[in-house]
Amino acid sequence: MKILSVVGARPNFMKVAPFIRSINNYNKTAFIPINHYLVHTGQHYDDRMSKSFFDALNIPEADINLGIGSGTHAEQVGRSMIELEKVFAIQNPDWVVVFGDVNATIAAAITAKKLNIKICHIEAGLRSGDMKMPEEINRIVTDRLSDLLLTPDRFSIDNLKAEGIPNKRIHFVGNIMIDTLELNRAQAEKLSIYDIVYHNQIIHTSNYQIRQSLSSLNQFALVTLHRPSNVDKKDILKSLVDFLVDEASQKITIIWTVHPRTQKQLRLFNLWDKVCKSDNIYLLHPLDYHSMLKLNMQAQIMLTDSGGLQEECTVLGTPCITMRWNTERPVTLREYGGASVLVGNDILRIREEFNQTLYEPRNPERPELWDGHTADRCLGEIIDYT
Ligand code: UD1
């Protein structure tokens, strides 16, 4: 059997890593080994957004990198499709495997379907109900075209059934990203917060100053932001910056890992100086996998608009203020046993939850099948597919 996996952006890399590991394990004893081929569209291309994850998670170098790079959504998807069509035609795989909801996912799904190649979607069935999110469009189209839909939770099964997808194509396998978390937890644990902050600072701060604020508090809030709905409008981004600088950082040290899109927008809206001048906020470059995991394990609270971090917080028990109005991952919400609460970008709600949650004890509750063995189940479903 020949399987071709397609990845493109940062959140894909922690999902493909355990899948490749499962194939390698299977091949050790298989009578007929699986022939696996990895394609990277190159949507994320900075070392910090891409190569560092391949290195840290032992992902083999992609067999082909399409070098798509930045662009509008149509440009990224269009360029990916043109190049993927050539690769699929030459490789002629039995399966194309896609992950999550990024532009590479939808591009590969449409291209494979038109060439009559079977598609497996890992992380199928997530729905935010918000068609303004580019990722929601990517999810719906990919699921509609996929032959095998592997879901991370039971909500996703209901979503797919409600859209008329036949039962036999849907299989509940758990969350593949948690395989990566479990495999790398011990290694992350060994890292020092001080080293992570010192070596990844965007604006240089002296050793002394970092030691002072981190050791005296030994507590910090972790911040990430990148969604267009939060960073692309000046008034919204300004109100978030004002809250972080004028209020949150007065209560607790903030470590903010800045996504390239966000740094660009902060500079564009003349907010960058304000953030840089705050002496209780550390601005870090996007971090490697283990460093981010270590910060998440240790953080007093997370403020984020990332879906993946919401999930990791649920497993680690880190209280998570999710700066979105909706989520495609309800299983991570407090009302369903998770660690996350939705606050949108309404400062009143953010303030209230931040103040209430800041010193809440950790209370992790693991969702069903988020057990570190999802990749094996994914591969099993592909092998058993009839
Ligand atoms: C993408 C995914 C999103 C995911 C996020 C995580 C889609 C539709 N969105 O959004 O689901 O949560 O990744 O990171 O696929 N840039 C760099 N270096 C890079 C990559 C991007 O500087 O390596 C800059 C680009 O110039 C661009 C901006 O960051 O302006 C955004 O990148 P893009 O790939 O468009 O989407 P993300 O916002 O990262």
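# Reading a predicted chain: loops, sheet and core

Modeller: Asn116 sits in the loop between helix H4 (103–114) and E5. The model is predicted, and Asn116 serves as a starting point for reading it.

Biologist: What is the sign of phi at Asn116?

Modeller: Positive: phi of Asn116 is near 60 degrees, and the residue is not a glycine. Its surroundings come next. Asn116 counts as exposed because its relative accessibility is 74%, and the cut-off for exposed is over 50%.

Biologist: Where does Asn270 lie, and is it buried or exposed?

Modeller: Asn270 lies in the loop between H12 and helix H13 (272–277). It has a relative accessible area of 66%, so it is exposed. Its phi, near 55 degrees, is again a positive value in a residue other than glycine. Another case is Asn58, which comes just after H2 and takes a positive phi of about 55 degrees.

Biologist: Now the strands. What holds a sheet together, in general?

Modeller: The strands of a sheet pair through backbone hydrogen bonds, and the pairing can be parallel or antiparallel.

Biologist: In what order do the seven strands of the open sheet run here?

Modeller: The order is E3-E2-E1-E4-E5-E6-E7, with parallel pairing. Strand E3 (64–65) and strand E7 (170–172) are the edge strands, each paired on one side only.

Biologist: How many bridges join E1 to E2, and how many join E1 to E4?

Modeller: E1 and E2 are paired in the parallel sense over six bridges. One contact to find in the viewer is Ser5, whose bridge partner in E2 is Leu38. On the E4 side, E1 is joined by four bridges, also in a parallel run. There, Val6 has Val98 of E4 as its bridge partner.

Biologist: Which strand pairs with E4 over five bridges?

Modeller: That is strand E5 (residues 118–122), again in the parallel sense. Trp95 stands opposite Lys118 of E5.

Biologist: Why is E4 described as largely enclosed by the rest of the structure?

Modeller: The reading rests on burial, for which the cut-off is under 20% relative accessible area. Five of the five residues of E4 (residues 95–99) are buried, so the strand is largely enclosed by the rest of the structure. The side chains are split between two directions: Trp95, Val97 and Phe99 point one way, Val96 and Val98 the other, and all are buried.

Biologist: Next, a helix. Which residues of H2 are buried, and what do they pack against?

Modeller: In H2 (residues 47–56) the buried residues are Met49, Ser50, Ser52, Phe53 and Phe54. Their packing partners are two strands of the sheet, E1 (2–7) and E2 (35–40), along with the helices H1 (10–29), H12 (260–268) and H14 (289–298).

Biologist: H14 has come up. What does Ser291 of H14 contact?

Modeller: Setting aside neighbours within four places in sequence, Ser291 is in contact with Leu191 and Ile196. Ser291 counts as buried because its relative accessibility is 5%.

Biologist: Is Glu135 buried or exposed?

Modeller: At 16% relative accessibility, Glu135 counts as buried. It belongs to helix H5 (residues 134–145). Not counting residues up to four places away in sequence, it touches Asp101 and Arg227.

Biologist: A loop can be read in the same manner. Where does Gly42 lie?

Modeller: Gly42 lies in the loop between E2 and H2, and it is buried, with a relative accessible area of 3%. Its contacts, leaving aside neighbours within four places, are Gly8, Asn65, Gly67, Ile68 and Gly69. Sequence and space can also be set side by side: Gly42 and Ala9 are 33 residues apart in sequence, while their C-alpha atoms are 7.4 Å apart.

Biologist: Finally, the whole chain. What radius of gyration does it have, and what would a compact globule have?

Modeller: A compact globule of 386 residues would have a radius of gyration near 21 Å; the chain has 21 Å, which agrees. Along the principal axes, the C-alpha atoms fill a box of roughly 60 × 40 × 40 Å. The chain holds 17 helices and 13 strands, and 60% of its residues are buried.

Biologist: What share of the contacts joins residues at least 24 apart?

Modeller: Among contacts between residues at least 6 apart in sequence, the share is 69%.

Biologist: And what of the surface and the charges?

Modeller: The accessible surface comes to about 16,300 Å², with 50% belonging to carbon and sulfur atoms. There are 42 positive and 46 negative side chains, and the centres of the two sets lie 2 Å apart.

Terms used. Residues numbered from 1 in each chain as written. Predicted model: local features only at pLDDT ≥ 70, side-chain atom pairs only at ≥ 80, totals over all residues. Heavy atoms only, no water. Rg over C-alpha atoms; globule rule 2.2 N^0.38 Å. Buried < 20%, exposed > 50% of the residue type's maximum accessible area, 1.4 Å probe, protein only. Contact = heavy atoms within 4.5 Å. Areas by Shrake-Rupley, 256 points an atom, 1.4 Å probe, with all protein chains shown as cover. Lys, Arg positive; Asp, Glu negative; His and termini not counted. Charge placed at Lys NZ, Arg CZ, Asp CG, Glu CD. Pairing = 2+ DSSP bridges.
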